Amino acid sequence: MGKKFALKGIIAFTKERNQFTIMENAYLVCDGSIVAGCYEELPALYSNVPVFDTNGKIIIPGTCDIHLHAAQFPFQGIGQNIENSEWNTWFDRYAFPDESRFNDLDYARHAYTQFAEALLRTPTTRLCAYNTPNTASTELLMRILADYGFAGYVGKVNMDRNSSAGLLETTAETLCSTREWLERCRGGIGGFYPIITPRYFPSCTPESLQGLGALAREYNVPVQSHLSEGLDEIAWVKELDPTLEYYAQAYDRAGLLGPTPRSVMAHCVFSTAAERQKLKENHVLIAHCPQSNMNSSGQTAPILDYLEDGIEVGLGTDVGGGNTLNMFRTIFEAILASKVHWANQEAAGRPLEPRRILTLPAAFYLATKGGGVLWHSGSFEPGYRFDAVILDDSRLQNDIPRTPYERLERLITRSDDREIVAKYINGTCVFQRGEN
Ligand code: FE
């Protein structure tokens with residue numbers, strides 16, 4: 001791990017929310033697998049390291065997609081415009097039948113190779129992914145993503161009620177298969193580690209949640225699930241357990257809501273004051289999925305309130321709930337969702353109210369350092385993981401010169417896979433345009 005080198009170009013990252021740090025003609029130095037620092041001039045210690053000059057391209061930290069259903073990639077973009085309003089139709093017609101295909105390992109290998117290939121051509125370097133209940137295809141997903149150079153967490157999904165054939169396990173089966181899976185990959189597969197993944201309370205009995213909480217503690221493995229995504233879902237949760245004061249209590253009672261091991265909860269669109277307080281106390285990381293929220297139910301989460309309350313937030317594509325794996329789209333949609341939220345929830349009827357929306361650097365922060373808190377990734381401060389993406393905006397340029405900030409904004413709002421030049425994870429180049 002003695003590799004030392006520097007990338008030269010326009011370096012942009014968010015040390016803190018609401019403000020970019022942008023350095024032109026600067027050096028981003030990698031020492032081993034971590035960031036040594038960003039410098040205007042190379043310090044004497046690194047004066048002899050190889051320098052890769054990007055010739056004025058923009059270098060950003062890789063994005064961290066902290067809520068992503070890998071097994072939903074084959075039907076991404078399909079099924080979100082179903083003619084009736086019953087959201088279970090989406091599960092019955094698309095999610096469950098498609099996810100059960102991953103019991104066939106040949107299918108899983110092909111589908112996950114396509115998934116990893118697509119992910120390579122996005123700004124994402126780290127992820128928290130869901131597979132299905134099948135443990136063999138969970139390990140296969142970990143192996144394929146690791147072979148492509150990615151890092152992060154993958155979860156075997158648990159469902160011991162309200163599921164379908166090919167996915168439903170008994171309580172004993174789901175706990176037993178999870179333990180066996182943890183035994184096999186507790187030390188990681190490449191850069192991938194297990195994460196305990198009860199799908200959500202309606203598909204997990206209190207008994208399985210208790211058992212999963214015990215496994216999370218025994219193996220010191222983090223947890224991911226869904227929380228307060230829709231009002232119909234919350235009503236169902238209350239019906240399943242009328243003693244719950246708020247939805248997250250179902251996870252908290254089982255020890256699945258942090259603070260140790262850490263917990264990542266997706267959506268949190270309708271978290272009550274009591275639930276928010278618990279999320280804050282337990283350092284739960286919210287995976288904000290703005291596109292999925294708007295696409296599946298037309299809802300927006302009060303993300304600015306969460307941030308101002310001191311709750312930690314990162315971003316996720318969610319995959320099946322949206323139409324992209326590209327976290328730049330998710331940054332754009334997080335800003336868009338905050339504008340819709342402001343207009344409808346806060347300024348309704350008062351158009352002259354000052355706008356309270358997510359800024360571009362704040363949304364970028366959520367996509368990088370916000371979710372990157374799980375790995376000490378997503379920033380170019382010294383000591384962070386050297387996860388970097390080089391972007392070429394020449395296709396998007398015109399006759400009007402723009403500032404680096406504007407060029408980055410345009411990349412985030414308008415770029416696609418053509419602008420991704422190279423990608424580094426833990427200091428290793430995993431993608432180079434024209435060579436992969
Ligand atoms: Fe999800």
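Arginine 356 is partly exposed, with a relative accessibility of 24%. Its salt-bridge partner in this predicted model is aspartate 305, with N and O 2.6 Å apart. Arginine 356 sits in the loop between α11 and α12, while aspartate 305 belongs to helix α10 (residues 303-308), so the contact ties together parts that are 51 residues apart in sequence. Aspartate 305 counts as partly exposed too, at 24% relative accessibility. The two also take part in a network of salt bridges that links Asp305, Glu308, Glu346 and Arg356.

Let us widen the view to other salt bridges. The count for the model comes to 24, and three of these pairs are set out here.

| Pair | N to O distance |
|---|---|
| Arginine 126 and aspartate 387 | 2.4 Å |
| Arginine 356 and aspartate 305 | 2.6 Å |
| Lysine 156 and glutamate 169 | 2.8 Å |

Take arginine 126 and aspartate 387, whose closest N and O atoms are 2.4 Å apart. This pair links distant parts of the chain: arginine 126 is in strand β6 (residues 124-130), and aspartate 387 is in the loop between α12 (360-370) and β15 (388-391), 261 residues apart. Are these two residues buried or exposed? Arginine 126 is buried, with a relative accessible area of 3%, and aspartate 387 is buried at 1% relative accessibility.

Lysine 156 and glutamate 169 form a salt bridge through their side chains, at 2.8 Å from N to O. Lysine 156 lies in the loop between β7 (151-155) and β8 (157-158), and glutamate 169 in the loop between β8 and α4 (171-185), so this salt bridge ties together parts that are 13 residues apart in sequence. Both lysine 156 and glutamate 169 are buried.

Now to the metal site. Which residues supply the protein donors of the iron ion? They are His67 (NE2), His69 (NE2), His226 (NE2) and Asp318 (OD), at 2.1 to 2.5 Å from the ion. The site is irregular, with angles of 79 to 173° among the 4 donor atoms. Along the sequence, the donor residues follow the spacing H-x1-H-x156-H-x91-D. Two of the donors, histidine 226 and aspartate 318, link distant parts of the chain: histidine 226 is in strand β11 (residues 223-227), and aspartate 318 is in the loop between β14 (312-315) and α11 (327-346), 92 residues apart. Histidine 226 has a relative accessible area of 6%, so it is buried. Aspartate 318 is likewise buried, at 5% relative accessibility.

Notes. Residues are numbered from 1 along each chain as its sequence is written. This is a predicted model: local features need pLDDT of at least 70, side-chain atom pairs count only at pLDDT 80 or more; totals for chains, interfaces and linings use all residues. Side-chain values use heavy atoms; hydrogens and water are left out. Donors are N, O and S atoms within 2.8 Å of the metal (3.2 Å for Na, K and Ca); water is not among the atoms, so sites may look incomplete. Four donors count as tetrahedral if all angles lie between 85 and 135 degrees; four count as square planar and six as octahedral if opposite donors are over 155 degrees apart and all others between 65 and 115; anything else is irregular. Helices (H or I, at least four residues) and strands (E, at least two) are DSSP runs, numbered from the N terminus. Buried means under 20% relative accessible area, exposed over 50%, partly exposed in between (1.4 Å probe, protein chains only). A salt bridge is a side-chain nitrogen of Lys or Arg within 4 Å of a carboxyl oxygen of Asp or Glu.
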